[in-house]
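New to this one? Here is a quick briefing to read alongside the sequence and the 3D view.

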Amino acid sequence: MSGRSLPVARWVPALGVSLCAVALCARPAYAQGATPWTVSTAAPAGFDRALAQRTAEVHLTRLIGLNTQNPPGNELLTAQYFDSVFASIPGVERHVLPAADGRANFVARLKAPNASKRPVIIMGHMDVVGVDSAKWKTPPFTATRVNEAGVEYLYGRGAIDDKGMLATATAAMQQLAARRDQLDRDVIFMATAAEEGGPEVGIEHMVTRHYDLIKDAEFALNEGGRVRVADGVVKSVNIQTTEKVSYNVVASATGPSGHGSVPLPDNVLAALSRAVQRVHAYRAPVKLNETTRLYFARLARIEKDPVMKAAMQRISATGASAAQVNAAAVVLSREPLHNAVLRSGQSLTLLRGGIRSNVIPSEASATFNLRVLPNDDVREVVAAFNRVGGEKQVTFALDGEPRTSPPVSPVSTALYRAMESSATAMVPSTTVIPFMSTGATDGAALRAKGIPTYGILPMPLPMEDELRMHGDNERVPVAALGWATEFLYRTLVQVTAK
């Protein structure tokens, strides 16, 4: 071991889980014990479902209690926690990797005694987004059990993004270690810092300073996909194979300043407002790729709305003409998520201008967060903004330099097939869908280095809970942790079995 381990008592909070009984008049959401997290098929040989459930909840409870709100991050606390956990597993080489004051990444490698294949990485990030505690029903950095409508939830920041992934991956690794002598490849556990933004002390630090610890990996399993629950069942398992590239575009307006008592026709705030409204309403051209075509083709199998279903079938049909694609896209774009998958898209996030209520400013600006398709050119998108904006006083410019989009991870690798097989083994009726995420993840950095990376948030979630990610009252169904642990265990066993 080249990392340093601290005594657990110095930094790990008490394990106690707060219990909160909530009386609700509504009937239980899942009657007669049938829930989306009940697996009716047989467990894998040697896998203890009850232990997986308990262990994952213990880890998540402790991880939520470590405040890694970014900024400032403080991921060193979590790296040290993982160091103590993996220290008790035989055959593990581990590294706590400081990256800045209070910030660190963590790598643990479960060594296969007679490895004949390249390693697989399983990873997640330790930092979480900030909170407004006044809007939470429970303390955001204390894991709190709440029973609502017959379902047990664990509330806390990071329960979904991304400490739930880390907790279940750790629980899966602990059971996988019991069959270490049967593995034909090493398994690398990696926990990163700063995924939610800020200084590049996370995945960038890993691929520039510590790449030797992971460079031999054949592929990686990260967050980014979804296990979607609808109508009380796991409807689809969406595996991320690519993602949009994030940029910021700044609109700058200039003009004469003046006294508020004398209105000016070329008021910069008015010009900026007009240009921003036009760009806000602009829709970039539809551009499909291999992943998004297959995404809509698979999604059509489970779509209930006949109009949406027909549009999905038309847009993914082999040989569909540009006119057919665009006509189908008009229908699909009524749904914001489908719209975001079909094209590069921009969201207005910041407006700046003015210093006093009686002063006409000479400068103002607005920022759009732009998410570009992997097969699109950001320079062309920004040029379109300038055309559409149509104000001589306003210029749209890219903040930073264009980047090369990482390659799409193929659906033909052993890891993708293992994820697909694990999903259908647990829920034979589910549909597995390759997925392009509209948000950014650490997976892009590994794809850029030539390591195919697949995203999955392994806890099955109804949309109501999925949308709490980054929002108030983030929570995860407790039973979903056992499901997720089993999914990850099955995937790792299949991809590492001799």
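Does Phe385 count as buried or exposed? Phe385 counts as buried, since its relative accessibility is 0%, and the cut-off for buried is anything under 20%. Keep in mind that you're looking at a predicted model. The points below start with the whole protein and then zoom in on a handful of residues.

**The big picture**

- The protein's secondary structure adds up to 14 helices and 20 strands.
- Its radius of gyration is 24 Å, close to the 23 Å that the globule rule gives for 498 residues, so the protein is as compact as a globular protein of that length.
- If you boxed up the C-alpha atoms along the principal axes, you'd need roughly 75 × 55 × 55 Å.
- Of the 498 residues, 53% count as buried.
- The accessible surface is about 20,700 Å², and carbon and sulfur atoms account for 53% of that surface.
- Take the contacts between residues at least 6 apart in sequence: 79% of them join residues at least 24 apart.

**Aromatic rings**

- Searching the whole structure turns up 15 aromatic pairs.
- In one pair, Tyr295 and Phe296, the ring centres are 5.1 Å apart and the planes sit at 70 degrees, so this pair is edge-to-face.
- Both partners are tucked away: Tyr295 is buried with a relative accessible area of 2%, and Phe296 counts as buried at 0%.
- Phe368 and Phe385 make a tilted pair, because their planes are at 50 degrees, with ring centres 6.2 Å apart.
- Phe368 belongs to strand E15 (residues 363–372) and Phe385 to helix H10 (residues 378–389), so their pairing ties together parts that are 17 residues apart in sequence.
- Like its partner, Phe368 is buried, with a relative accessible area of 0%.
- There's also an aromatic cluster, formed by Tyr81, Phe82, Phe86, Phe106 and Phe189.

**Charges over rings**

- Arg403 has its charged end over the ring of Tyr247, 4.4 Å from the ring centre.
- Lys449 does likewise with Tyr211: its charged end sits over that ring, 4.5 Å from the centre.

**A look at Arg109**

- You'll find Arg109 in strand E3 (residues 103–110).
- Arg109 is buried, because its relative accessible area is 8% and the cut-off is under 20%.
- The Arg109 side chain makes a polar contact with the side chain of Asp216, at 3.0 Å.
- Leaving aside residues up to four places away in sequence, Arg109 touches Gly91, Val92, Glu93, Pro119, Asp186, Val187, Ile188, Leu213 and Asp216.

**A look at Val250**

- Val250 sits in strand E11 (residues 245–254).
- With a relative accessible area of 23%, Val250 is partly exposed.
- Again leaving aside residues up to four places away in sequence, Val250 touches Ser365, Ala366, Thr367, Thr395, Phe396, Ala397 and Asp399.
- How far apart in space are Val250 and Arg228, C-alpha to C-alpha? The answer is 35 Å, and in sequence Val250 and Arg228 are 22 residues apart.

Methods: Residues are numbered from 1 along each chain as its sequence is written. This is a predicted model: local features need pLDDT of at least 70, side-chain atom pairs count only at pLDDT 80 or more; totals for chains, interfaces and linings use all residues. Side-chain values use heavy atoms; hydrogens and water are left out. Rings of Phe, Tyr and Trp (its six-membered ring) pair if their centres lie within 6.5 Å; planes under 30 degrees apart count as stacked, over 60 as edge-to-face and the rest as tilted. Buried means under 20% relative accessible area, exposed over 50%, partly exposed in between (1.4 Å probe, protein chains only). Helices (H or I, at least four residues) and strands (E, at least two) are DSSP runs, numbered from the N terminus. A charge sits over a ring if NZ of Lys or CZ of Arg is within 6 Å of the ring centre and within 35 degrees of the ring normal. A polar contact is a pair of N or O atoms within 3.5 Å; within protein, one must be able to donate a hydrogen and the other to accept it, and residues adjacent in sequence count only if both atoms are side-chain atoms. Contact means heavy atoms within 4.5 Å. The radius of gyration is taken over C-alpha atoms; the globule rule is 2.2 Å times the number of residues to the power 0.38. Accessible areas come from the Shrake-Rupley method with a 1.4 Å probe; for residues, only the protein chains shown count as cover.
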